[in-house]
Amino acid sequence: MTLDIRTTTNTDATSADPERTSVDEALAALLAAHDPATESAVEFRGNQYDAGLAWVHFPVGFGGLAVRPDLQKVVDQRLRAAGAPEPDPASFFLALAGPTIVTHGTDEQRRRFLRPMFTAEERWCQLFSEPGAGSDFAGLATKAVRDGDEWVVNGQKVWNTIAHLADWGMLVTRSNPEAPKHKGMTYFALDMRSPGVEVLPLRQITGEAEFNEVFLSDVRIPDANRIGAEGEGWRVSLTTLMNERNAIGGGGGTTPKRGSGPIAAAVQIWQQLPADRRTPAPLDRLMRLWVRAECQRLTNIRAGGNRKVGNPGPEGSVSKLAMAELNKDILELCVDLLGADGMVGYDYTFRRPASLSPEGIENGVGHAFLRVRANSIEGGTSEIMRNILGEQVLGLPGEPRVDKDVPWINVPRS
Ligand SMILES: Cc1cc2nc3c(=O)[nH]c(=O)nc-3n(C[C@H](O)[C@H](O)[C@H](O)COP(=O)(O)OP(=O)(O)OC[C@H]3O[C@@H](n4cnc5c(N)ncnc54)[C@H](O)[C@@H]3O)c2cc1C
């Protein structure tokens, strides 16, 4: 069953707002009973989930209060002010897996997966891309064959961020090779500790191996861990992908402060430059980027406020595209401003990080300059974002798709 997490919005500012009231009451009760400054992060986030304040637009009993999604910002701001810990960065994929499971999963799956995902007791990774299927992810080849109450899975996934830390993977497979590519896919929750799952590091331009390749050899998955119907994997995946674009583009998280993030690093470098290097041309570049960063921030806030359904639509691609290109331009300016200093003092030793940051700015400008190159690839490339925007938002003619109705098995591939 697919759950529609659409909710109604009260647009009349002068009338009572029962949804806001129920959030305020739940917040007051949570904070009266639990002190986020003294409870452990796992404990407090568990209590937050039980109070319906994990994802406020989710159904009651599954971490939500069935109210409109923009009220989550109210919750996050209040809890942060009360000293609640930031979510574990390595649990980034809860922003993708949570909405996918609540939308397409059974009640039993929601009960099993959502709470430990929110508390970060169980971390998730995304097993979508394959060596022969990235942008054209619907062309994937990892095979799933039904065997009684189980499925047997064989194949290879790649670029799987944080898979080395993950307890569960969002796995998409080819269950019917005779059907056209979008119709023969099935989606599973994969226990990453199952026999036959092998996770190997892949080193990135930054030196670290934030992502991995994952080999699946005769892995057995109970049918109870299938998310959505057999053959419906494409539709389920779209929920994951749209939430991913939103999460990477900054449309899904807490509201960042004005001038924060990568642009703050650029301003700081500028302020520390000797006077003779603070010339009009780089200042002009800095100011243009500052304006773009502020427009991006305000657009995200407005889009979040306007969103009336839990799952973002294709418009999430706007912020993903803008953010990817903006981050690259800002970090390029940072390195230019630093001059020769921008080329030294960088730690390139191989490491497998314990967390994840698409901007990487916490690790310094040298790291971030290299890390943000990936922003226009991960979660869908900038070219693919432009295609989606052209077709689904602007209504321009679609790309020719010659293999759309052809059985997957007959589509030529390398
Ligand atoms: C840092 C990072 C983290 C990632 N994490 C994950 C993860 O956790 N899980 C996961 O499953 N995947 C992950 N990915 C993979 C990512 O989703 C893919 O790299 C991406 O979708 C592109 O696929 P590809 O690399 O196969 O490139 P390709 O699809 O082969 O594309 C190559 C080039 O062709 C262009 N192109 C392709 N098709 C078109 C088209 N129709 N129109 C115009 N241009 C086109 C692309 O824009 C690109 O420039 C990650 C990638 C990176 C860089």
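Contact here means heavy atoms within 4.5 Å. The structure is a predicted model.

## Exercise 1. A residue in a strand

Task: Place alanine 189. Which residues does alanine 189 touch, not counting residues up to four places away in sequence?

Solution.
- Step 1. Find the element. Alanine 189 sits in strand E5, residues 185-191.
- Step 2. Check the cover. The relative accessible area is 1% for alanine 189, so this residue is buried.
- Step 3. List the contacts. Alanine 189 touches Phe113, Trp124, Trp168, Gly169, Ile221, Asn225 and Ile227, with residues up to four places away in sequence left out.
- Step 4. Look along the chain. Cysteine 334 is 145 residues from alanine 189, and their C-alpha atoms are 41 Å apart.

## Exercise 2. The cysteines

Task: How many disulfides does a search of the whole structure find? Why is there no bond from the sulfur of cysteine 295 to the closest cysteine sulfur?

Solution.
- Step 1. Recall the bond. A disulfide joins the sulfur atoms of two cysteines covalently.
- Step 2. Take the result. The search of the whole structure gives zero disulfides.
- Step 3. Apply the cut-off. The two sulfur atoms of a disulfide must lie within 2.5 Å. The closest cysteine sulfur to that of cysteine 295 belongs to cysteine 334 and is 19 Å away, so it is too far for a bond.
- Step 4. Turn the pair around. For cysteine 334, the nearest cysteine sulfur is that of cysteine 295, 19 Å away, and cysteine 334 is in no disulfide.
- Step 5. Add the exposure. Cysteine 295 is partly exposed at 44% relative accessible area. Cysteine 334 is buried at 0%.

## Exercise 3. The ligand site

Task: Describe the shell around the ligand. Which residues come nearest?

Solution.
- Step 1. Start with the residues. There are 21 residues around the ligand, and Ser129, Ser135, Trp159, Thr381 and Glu383 come nearest.
- Step 2. Sort by class. The shell has eight nonpolar, nine polar and four charged residues.
- Step 3. Sort by element. Helix H11, residues 382-393, gives the largest share of the shell, three residues.
- Step 4. Take the ligand's oxygen atoms. One lies 3.0 Å from a polar backbone atom of phenylalanine 128. A backbone N or O atom of serine 129 is 2.7 Å from an oxygen atom of the ligand.
- Step 5. Take a ligand nitrogen. A nitrogen atom of the ligand is 2.8 Å from a side-chain N or O atom of threonine 161.
- Step 6. Work out the cover. Alone, the ligand exposes 970 Å², and the protein buries 69% of that.

## Exercise 4. Helix H11 and what covers it

Task: Which residues of H11 are buried? What covers them?

Solution.
- Step 1. Name the buried residues. They are Ser382, Met385, Ile388, Leu389 and Gly390.
- Step 2. Find the cover. The cover over the buried residues of H11 includes helix H6 (233-249) and helix H9 (316-338).
- Step 3. Move past the end. Glycine 395, just after H11, has a positive phi of about 75 degrees.

## Exercise 5. Positive phi without glycine

Task: Compare two settings. Where do alanine 120 and aspartate 218 lie? Is each buried or exposed?

Solution.
- Step 1. Take alanine 120. Its phi is positive, about 75 degrees, although alanine 120 is not a glycine.
- Step 2. Place alanine 120. The residue is in the loop between helix H5 (107-119) and strand E1 (124-127). Alanine 120 is buried, at 19% relative accessible area.
- Step 3. Take aspartate 218. Again not a glycine, aspartate 218 has a positive phi of about 50 degrees.
- Step 4. Place aspartate 218. This residue belongs to strand E7, residues 211-222. Aspartate 218 is exposed, at 53%.

## Exercise 6. Two helix residues

Task: What are the contacts of alanine 95 and glutamine 296, leaving aside neighbours within four places in sequence?

Solution.
- Step 1. Place alanine 95. The residue is in helix H4, residues 94-104. Alanine 95 is partly exposed, at 28% relative accessible area.
- Step 2. List its contacts. Beyond neighbours within four places in sequence, alanine 95 is in contact with Asn243 and Ala247.
- Step 3. Check a distant residue. Isoleucine 248 is 153 residues from alanine 95 in sequence, and their C-alpha atoms are 9.9 Å apart.
- Step 4. Place glutamine 296. Helix H8, residues 280-306, holds glutamine 296. Glutamine 296 is buried, at 13%.
- Step 5. List its contacts. With neighbours within four places set aside, glutamine 296 is in contact with Gly249, Ser319, Ala322, Met323 and Leu326.
- Step 6. Add the polar contact. The glutamine 296 side chain reaches the backbone oxygen of serine 319 at 3.3 Å.

Notes: Residues numbered from 1 in each chain as written. Predicted model: local features only at pLDDT ≥ 70, side-chain atom pairs only at ≥ 80, totals over all residues. Heavy atoms only, no water. Buried < 20%, exposed > 50% of the residue type's maximum accessible area, 1.4 Å probe, protein only. Near = heavy atom within 4 Å. Polar contact = N/O pair within 3.5 Å; in protein donor to acceptor, adjacent residues only side chain to side chain. Areas by Shrake-Rupley, 256 points an atom, 1.4 Å probe, with all protein chains shown as cover. Helix = DSSP H or I, 4+ residues; strand = E, 2+ residues; numbered from the N terminus. Nonpolar A, V, L, I, M, F, W, Y, C, P; charged D, E, K, R; others polar.
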